[in-house]
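Welcome, and take a moment to look over the model shown here. The report below is meant as a friendly walk through a few of its parts.

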Amino acid sequence: MQKTLKQKLTVSLLLTALAVMAIVSVSLLLGMARYSSAQFEDEVASVLTVDLLSEMNAGATGTPENAAYQVEQILEAYAGQLRLGVDRTYSIWDAATGERLCGAEDAAMTDNIVTAMQGEVGDAFSLLPSGMDVAVPITGESALVLDIADDGSDMLSMFAMLALFLAVALVLSLLMCLILSRMFAGAFAGSAVQAAKELRESNDRTLYPSGDWEAMAAAMYAPEKQRNRHKTKQDELETLLPFLREGYVRFNLEGKILEINVAAEELLGVSMEEDADLTFEKTFQGVPMLKENQSMVRGRLRQNGYTLDVAFVALEPDIFAAVLAPADGGTV
C-alpha cells in the first residue's frame, strides 16, 4: 500500500509537471516561430526598400529573360545584406507564365509567389513554418516576381536547443517528483501514526479492534527503505494481517506453518516462538490437511476452549492461509 501511495503521488506530480512543460513548450515554439518569421521579414524589408524596388522596376525591360537578368544584377549587390547563401536563396519568376527565370534551381512555387503574381507582396507564414519566403512584384516593362526564401535552418537549430532543454527539464522534474512523493508519503505516515495513537487513546475503545495500530500505520504508509520491484498483493497481506484481531495462519502444502499472528496463537493454544517446527497437524488438531486443488474451505472446530469459525484460502500454488475467529463473535 505504501508503494501504491508513492506511485500515485509520483504520477500526480509528474502529470502536473508534464502539463506545465507542455504549455510552456507550445508557447516557446510559437514564440520562436513568430520571432524567426518576423526577423526574416524585417531583414528582407530593410533591403528591399522603395528606392531599390523602383530601381528594379526601371531595369526590368525587354523580354522576361532580359528583365530577370537585369534585376538579378541589381540584387547581387545586396547579397550580403540579405545573407544570401546556402540557407537563404532567391529566385525570379515570370509573373505572366509562372516560369522560373533565374535563381535557385530547386526553388518551388509558393503561395507567396502566387500572391505576388497578382500584384501584392506575399509575406504569409504558417503557424510553425519549416521554411519561409517573401515574394515582391516587379512591375517593370516585364512583370516579374522576386522571391527571397529561407530554409528555416536557424529556427530548426533553436528548436533542437529547446528539445534538449525540455529533455533535461523532464529528467529533473522526474527526480523532483520522486523526492517530493517520498517526502509526502513520509508526512502521510506520520499523520497515520498520530491518528492511530489518538484512536488508541479514545475513550470509546469498543469501536476499535485490538492490535498495534501505530505499528500497523507505520508499516502500511511509511516510505519503503528500498525499492522492491517484485512486491505482490501477498506482501501487502503480510503487512496488514498480523495486526488484525482475527487469527491468521499461513502454511504450505507440506503442512509447515510459515506465519501465525498473536491472535491465532491464543485461539489455537500454540506458539511459534516455543515450537519453531510448528505444523498444520499441531495447529489444527483433527482437521485434515488441505489438498492442492482446494481454493477455499470453511468450517468450525473446537480447540483450546474456543469454538472457532475457520476459513482456509489458497493464496498461491502450494501456499494457504487460514483466518479464524470465535464463533460467538467474542474476542480473544
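The tour goes from the whole protein to one helix, then a sheet, and then two single residues.

**The whole protein**

Please keep in mind that this is a predicted model. The protein holds 10 helices and 9 strands. Of its 332 residues, 34% are buried. Its accessible surface is about 19100 Å², and carbon and sulfur atoms supply 58% of that area. If you look at contacts with a separation of 6 or more, 55% of them join residues 24 or more positions apart.

**Helix H3 and its buried side**

A good place to zoom in is helix H3, made of the 13 residues 64-76. From its first C-alpha to its last, H3 reaches 18 Å, close to the 18 Å expected at 1.5 Å a residue.

Which residues of H3 are buried? They are Ala67, Ala68, Val71, Glu72, Ile74 and Leu75. These residues lie on the same side of H3, because they cover an arc of only 160 degrees around the axis. There is a general pattern to recall here: an α-helix has 3.6 residues a turn, so residues three or four places apart point the same way.

What covers this buried set? The cover includes two helices, H2 (50-59) and H4 (79-82). It also includes the strands E1 (88-94), E2 (100-103), E3 (132-139) and E4 (143-150).

**A sheet of five strands**

Next, find the open sheet of 5 strands, which has the order E6-E5-E9-E8-E7 and antiparallel pairing. Its edge strands are E6 (257-260) and E7, each of which pairs on one side only. From one strand to the next, the twist averages 25 degrees.

Two hairpins in this sheet are set out below.

| Strands paired | Bridges | A bridge pair | Residues between the strands | Residue with positive phi |
|---|---|---|---|---|
| E7 (296-303) and E8 (306-316), antiparallel | 8 bridges | Arg300 and Asp309 | 2 residues | Asn304, near 55 degrees |
| E8 and E9 (319-326), antiparallel | 8 bridges | Val310 and Leu324 | 2 residues | Asp318, near 75 degrees |

Strand E8 takes part in both rows: it pairs with E7, and it is joined to E9 as well. To follow the bridges by eye, you can start from Arg300, whose partner in E8 is Asp309. From Val310 you can then step across to its partner Leu324 in E9.

**Two residues to look at closely**

Leu162 sits in helix H6, which spans residues 153-200. Is Leu162 buried or exposed? Its relative accessibility is 8%, so Leu162 counts as buried. Beyond its neighbours within four places in sequence, Leu162 is in contact with Ser25, Leu28, Leu29 and Met32. Ser25 makes a nice example of a link between distant parts of the sequence: Leu162 and Ser25 are 137 residues apart along the chain, while their C-alpha atoms are 8.1 Å apart in space.

Thr283 belongs to helix H10 (residues 280-283). With a relative accessible area of 0%, Thr283 is buried too. Which residues does Thr283 touch, leaving out those up to four places away in sequence? They are Ile257, Leu268, Val270, Leu278 and Gln303. Two of these partners lead back to the sheet: residue 257 falls within the edge strand E6 (257-260), and residue 303 falls within E7 (296-303).

Key:
Residues are numbered from 1 along each chain as its sequence is written. This is a predicted model: local features need pLDDT of at least 70, side-chain atom pairs count only at pLDDT 80 or more; totals for chains, interfaces and linings use all residues. Side-chain values use heavy atoms; hydrogens and water are left out. Helices (H or I, at least four residues) and strands (E, at least two) are DSSP runs, numbered from the N terminus. The expected span of a helix is 1.5 Å times one less than its number of residues. Buried means under 20% relative accessible area, exposed over 50%, partly exposed in between (1.4 Å probe, protein chains only). The arc is that of the directions from the helix axis to the C-beta atoms. Contact means heavy atoms within 4.5 Å. Two strands pair if DSSP finds at least two bridges between them. Axes are lines fitted to C-alpha atoms, for helices over the stretch in contact, and angles run from 0 to 180 degrees between N-to-C directions. Accessible areas come from the Shrake-Rupley method with a 1.4 Å probe; for residues, only the protein chains shown count as cover.
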